[in-house]
Amino acid sequence: MKDVYPKHKLSKAGTLWYLLKGSVSVFIASIVASALVTVVSLLVPEIINVTVDSVLGKEPVSDSYVKIVSAIGGVEYLKQNLWVIALLLIACALLSALFTYLRSYLNNYANQIFMRRTRDKLFSHLQRLPLSWHIQHRTGDIIQRCTSDADTISNFVSGQLLSLFRIVLLIVFSLVFMFLKNVKLAAIASAFIPLILVYSFVFHTRVRKHFKKCDEEEGVLSTIAQENFTGVRVVRAFGRERYERDRFEKQNTYYTGLWTKTLRILATFWSTSDCVAAVQGLCIVVAGTVFCVNGSLTTGELIAFIFYNTMLIWPVRQLGRIISNMSKAGVSLGRIGEILNGVEEEYGEKEPLSGDIEFKDVSFEYEEGKPVLKDISFKIPEGSVVGILGGTGSGKSTLTYLLDGLYAPTNGEIYIGGKPISEISPATLRSNIGLMLQEGYIYSGTIRENISLAVDNASDEDIKNAAKEACVDENIEGFANGYDTVVGERGVTLSGGQKQRVGIARTLMRNTPYLIFDDSLSAVDSETDAAIRKNLNEKFKGATVIIISHRINTVMHADNIIVLDGGKIAESGNNFELLKKDGIYKKIYDLQFQLPEELKEGGAV
Ligand SMILES: Nc1ncnc2c1ncn2[C@@H]1O[C@H](COP(=O)(O)OP(=O)(O)O)[C@@H](O)[C@H]1O
Ligand SMILES: [Mg+2]
């Protein structure tokens, strides 16, 4: 059976079961070890009971233990050799230690398997969720689901769920033994159980809200610190150190106050519930002594009873907490289930692609009722260069996302080589289209790694050539470590233009028949822009190229230029045709060519 998340949506329990695959048997082994600890701990009071009553006292051995006692040598023998009993008790302690060790080892081991599986499954699923899913969810939220929600579930499974088994076993067995010893006394002991259970449940439910609040405020605190460190230049440049420090101190004080309050509530709970437990214990001692005096209970039985009672009270207090925490684990499971239940993109096989690109009556909206592209129709003959010109927000980038299959058009269809792209696998589309984005994302790692990202086993020569073609080789060689320079978080050591050019070099490493430059030269000066385009013309002679820009310079040499305005095609044609039309293009042309050089360089228009 292949181990993939089923296509249909799973319930919370289903999700949990799916994640538990591979660790269930180890968890069960740990439960067995845990049950053995319980059995051993139940033996101790029985040994003490028999010793006090029959070995030290004069009571006859109770029927259930006659055989065992005679097997060890009989009461008389034991009276002379008390060390045998001591040995038995030591053996119990050793066994209990051994099983406790096994329980804890197996439990942690199972938990690690569980966590690894959860992380793996979440990560690989997230890799395959469509872009539209990622856009709808904030990165911070996704990370939180993968870390703290996964932790909550793992704590629940390895801590609380297993404790639940142990606790239920302990409670049931302690109660059974207690009722066997003395029904009246057992009734008194268990009368307190509902009270302690309900109190503990109500309390833990309440205090959880406080813990949650503390968690949230801790998040705010670390966001303040993080923003401050990442934005350190702005902070320094604008002299905001004092403001930032005050902001941090204020939040820090608030956060500390919350914790103090929460800890006070916790202290109240533990002391009151200790008090209730003490009262319960006292009742048993008093009533038990009375029963002893009037002969319905032996001393040994009373001692054993008190042992059982201590075994009972602690789990009951825990039980309230566990039941209360179940809802928290349920919420986390739901949040992780939401990721795993998201429908993965069918990636498909990579195949070669060729032919004209055609948009037919394409409309698109990110949010219903807010069209971003309206009835777009145009054709890009194979091997030609098309320029798309338009202001910010006119829908240029969206056009490329549709072509790359990152989103599906709301209406209309896009064809490549006569085939609708809805029928072309994303793998084929993306391996044939080289998309260069305005904000080339730079990964932390070396420049070499960043350029060779999309190809396996790239040679140094290929990497250098790609960098040369993107006019960034000289800059890179200028760094002390050249191509091995490690780019810090978010590429702090590269300027905007350098980042763009590294992004271009990355795309040039793949020889794709279709190329899209989405404003990817915007932070590069006009001369370098022209040089890069010249290099590209030579390298990609037969390629179909889409150049998107707000700069006339960049698009004016294209075979065809499409002018986008408010999501519609305002006009199209080559440079001369468009100039003759005397429309938007002509206006932008005049504006950009009349401006002094410095303004054009800055991309002000
Ligand atoms: N993920 C999104 N969700 C909602 N609206 C979006 C999203 N991305 C872009 N838009 C909107 O779509 C319009 C076109 O955006 P875009 O294609 O990026 O324009 P351009 O690349 O021409 O600047 C803008 O109004 C923008 O606000
Ligand atoms: Mg854009």
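## A viewer tour, starting at Gln438

Select Gln438 and show its neighbours: leaving aside residues up to four places away in sequence, Gln438 touches Gln500, Asp518, Asp519, Ser520 and Ser522. Keep in mind as you click around that this is a predicted model.

Where does Gln438 sit? Colour by secondary structure and you'll find Gln438 in the loop between strand S6 (433-436) and strand S7 (445-446). Is Gln438 buried or exposed? Neither label fits: its relative accessibility is 38%, and buried means under 20% while exposed means over 50%, so Gln438 counts as partly exposed.

**Hop to the ligand**

Now add Ser397 to your selection and draw a line between the two C-alpha atoms. Gln438 and Ser397 are 41 residues apart along the chain, and their C-alpha atoms are separated by 9.1 Å. Ser397 is also one of the residues around ligand 1, so-called stop number two.

Show ligand 1 along with its shell. Going along the chain, you should pick out Ile135, Tyr366, Glu367 and Val372, then the run Gly391, Thr392, Gly393, Ser394, Gly395, Lys396, Ser397 and Thr398. Try colouring this shell by residue type: you'll get 3 nonpolar, 7 polar and 2 charged residues.

Which elements supply at least two residues each of this shell? They are strand S1 (357-367) and helix H12 (396-403). H12 gives the most, with 3 residues.

Zoom in on the oxygen atoms of ligand 1 and look for these contacts:

- A polar side-chain atom of Thr398 is 2.4 Å from a ligand 1 oxygen.
- For Lys396, a polar backbone atom lies 2.9 Å from an oxygen of ligand 1.
- For Ser394, a polar backbone atom is 3.2 Å from an oxygen of ligand 1.

Switch on the surface next. On its own, ligand 1 exposes 560 Å², and the protein buries 63% of that.

**Follow S1 into the sheet**

Strand S1 helped line the ligand, and you can trace it into a sheet. Select S1 together with S2, S4 and S5: these 4 strands form an open sheet in the order S2-S1-S4-S5, with antiparallel pairing. The edge strands are S2 and S5 (419-420), each of which pairs on one side only. In general, strands of a sheet pair through backbone hydrogen bonds, either parallel or antiparallel.

Look at one side of S1 first. S1 and S2 (residues 370-380) run antiparallel and are joined by 7 bridges. Click Glu367 and you'll see Lys370 of S2 standing opposite. Glu367 is worth a second glance, as it also belongs to the ligand 1 shell. The hairpin of S1 and S2 has 2 residues between the strands, and there Gly369 takes a positive phi near 85°.

Now the other partner. How many bridges link S1 and S4 (residues 411-416)? There are 5, again in the antiparallel sense. Two pairs to click: Phe359 has Ile414 as its bridge partner in S4, and Glu358 has Tyr415.

**Last stop: Gln160**

Finish with another glutamine, Gln160, which has its place in helix H7 (residues 139-181). Is this one buried or exposed? Gln160 counts as buried because its relative accessibility is 15%, and the cut-off for buried is under 20%. Show what surrounds Gln160: not counting residues up to four places away in sequence, it touches Asn155, Ile322 and Asn325.

Key:
Residues are numbered from 1 along each chain as its sequence is written. Chains are lettered from A and ligands numbered from 1 in the order in which they are written. This is a predicted model: local features need pLDDT of at least 70, side-chain atom pairs count only at pLDDT 80 or more; totals for chains, interfaces and linings use all residues. Side-chain values use heavy atoms; hydrogens and water are left out. A residue is near a molecule or strand if one of its heavy atoms lies within 4 Å of it. A polar contact is a pair of N or O atoms within 3.5 Å; within protein, one must be able to donate a hydrogen and the other to accept it, and residues adjacent in sequence count only if both atoms are side-chain atoms. Accessible areas come from the Shrake-Rupley method with a 1.4 Å probe; for residues, only the protein chains shown count as cover. Ala, Val, Leu, Ile, Met, Phe, Trp, Tyr, Cys and Pro count as nonpolar, Asp, Glu, Lys and Arg as charged, and the others, Gly among them, as polar. Buried means under 20% relative accessible area, exposed over 50%, partly exposed in between (1.4 Å probe, protein chains only). Contact means heavy atoms within 4.5 Å. Two strands pair if DSSP finds at least two bridges between them.
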